[in-house]
Amino acid sequence: MDKQIKIIVIGGGAAGIMAAVAAADAGAEVLIAEKNEKIGKKLYITGKGRCNITNNSGIQNLLLHVVSNPKFLYSAFSAMDSQKLMDFLENNGLKLKTERGGRVFPVSDKSSDVIKTFKDMLEKRHVKIYYNTEVKNINIKDGVFKSVDIKSGKRLETIRADAVITATGGVSYPSTGSTGDGYRFATNTGHNVKMPSPSLVPVNIREGFVKELQGLSLRNVELSLKDGKKVLYREMGEMLFTHFGISGPLVLTASCYMSGKDVAGMEFITDLKPALTKQQLDERILRDFSECKNSCFKNSLGRLLPAKMVPVITRLSGIDADKKVHSVTREERAGLAGLLKGLVMTPESIRGFNEAIITRGGVMVKDINPATMESKKVKGMYFAGEVIDTDAMTGGYNLQIAWSTGYLAGKSAAGCTVNNK
């Protein structure tokens, strides 16, 4: 290069870090402006502190698990898919492992090791990091990016650069610094922003019995989300009862299909025994009854259900709790089997941004070139990560979006043509 390109990255999260590394590798001079006292603050808490880095699967599977605007991400995933990411991290000293469902974690199970690996990369590449620094404005002239205004303590400064990469995240977990600054920058520079809403978030449930089940985790159940007759989501896995409703992997993913929508008319249906047909379940119930013929109904379900669930199911079944099991009718057994195969819960609302893993919404993809992540409205302005209107299910897919869009934005901003083949 005749002149070294200078790039400012706003935000030191996953997308911003990767953008800075990619741009530096392409020969650019890079500065990260980070609002917090350290980089990767949200990364520290992802995957319950273990950091589910990505999902070990091909591009088509990645795209299948993107809920909003999957086609937009094809070029980004092609530039940096999960295998390229894993190779890149392991070549830089981070040992990885793949667990159930393709979820990838550091072998140490410590998100801090992921941060350390990237921090070492940034240091080796001489990337400057301004901590505790807030970007106040992005300045453009005649449709071209010119500079940013920053504030650090009481000091105000304007920094000129050739390109800016906005990687500010969404508004989920605002305590990590994700307070929607990127949406303001986008709006002020003429971009369209889809109203943000929380996603991958627990759900408030109307039925009072969930409070009785608080703390109970169910594995290998099937959860369906229906809107009228339409099935929005159905999957097997794990769910958790809380004092307000339900959570756990199944519920968080189901919330993707509720975010930003009216939940009136929606319902959750839980199959507590998905491995059994209704007939097989009835036979199982009969066997349990036969082994305790003189017991009361309320004492007969201990082998079939977790202890905490027995009184709830007993009550919901409509069968007299003190009725002897030999007196339970075929119709009552059929009703019990139907309840176990279809426990209905009514969502009142999804929880808020404080509990949301990600944000749905953001800068509309129609304003961004998917091949470069550059704005179609402002030359030299790029976007990466959660600030863009893309989101995915749980399992490492959202972080892969951050790594991929960050990598593509960084390479493109540095003037490189990324080979997507």
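Asp142 sits in the loop that joins strand 8 (134-141) to strand 9 (144-152), and in this predicted model the residue has a positive phi of about 55° although it is not a glycine. Most residues other than glycine have a negative phi. Asp142 counts as exposed, at 74% relative accessibility.

A second residue of this kind is Cys51, which is not a glycine and yet has a positive phi of about 70°. Cys51 belongs to the loop between strand 2 (29-33) and strand 3 (54-55), and with a relative accessible area of 0% Cys51 is buried.

As for the chain as a whole, it has twelve helices and 22 strands, and its C-alpha atoms fill a box of roughly 90 × 40 × 40 Å along the principal axes. Of its 421 residues, 55% count as buried, while the area that the chain exposes is about 18500 Å², of which carbon and sulfur atoms supply 49%. Among contacts between residues at least 6 apart in sequence, 71% join residues at least 24 apart.

The charges come next. The chain carries 59 positive and 43 negative charges, and the mean positions of the two sets are 1 Å apart. Side chains of opposite charge can pair when their charged atoms come close, and the count in this chain comes to 21 salt bridges. Three of these pairs are set out below.

| Salt bridge | Closest N to O distance | Location |
|---|---|---|
| Lys116 and Asp120 | 3.1 Å | helix 5 (residues 111-124) |
| Arg184 and Asp181 | 3.9 Å | helix 6 (residues 181-188) |
| Arg315 and Glu212 | 2.6 Å | helix 10 (residues 310-317) and helix 7 (residues 209-212) |

Lys116 and Asp120 are four residues apart, about one turn of the helix, and Asp120 counts as partly exposed at 28% relative accessibility. Arg184 and Asp181 are three residues apart in helix 6, so that about one helical turn separates them; within this pair, Asp181 is buried, with a relative accessible area of 15%, whereas Arg184 counts as partly exposed at 31%.

Arg315 forms its salt bridge with Glu212, and this pair links distant parts of the chain, the two residues being 103 residues apart. Arg315 counts as partly exposed at 47% relative accessibility, and Glu212 is also partly exposed, with a relative accessible area of 38%.

Salt bridges also link Arg50, Lys97, Glu99 and Asp109 in a network.

How values were computed:
Residues numbered from 1 in each chain as written. Predicted model: local features only at pLDDT ≥ 70, side-chain atom pairs only at ≥ 80, totals over all residues. Heavy atoms only, no water. Buried < 20%, exposed > 50% of the residue type's maximum accessible area, 1.4 Å probe, protein only. Contact = heavy atoms within 4.5 Å. Areas by Shrake-Rupley, 256 points an atom, 1.4 Å probe, with all protein chains shown as cover. Lys, Arg positive; Asp, Glu negative; His and termini not counted. Charge placed at Lys NZ, Arg CZ, Asp CG, Glu CD. Salt bridge = Lys/Arg side-chain N within 4 Å of Asp/Glu carboxyl O.
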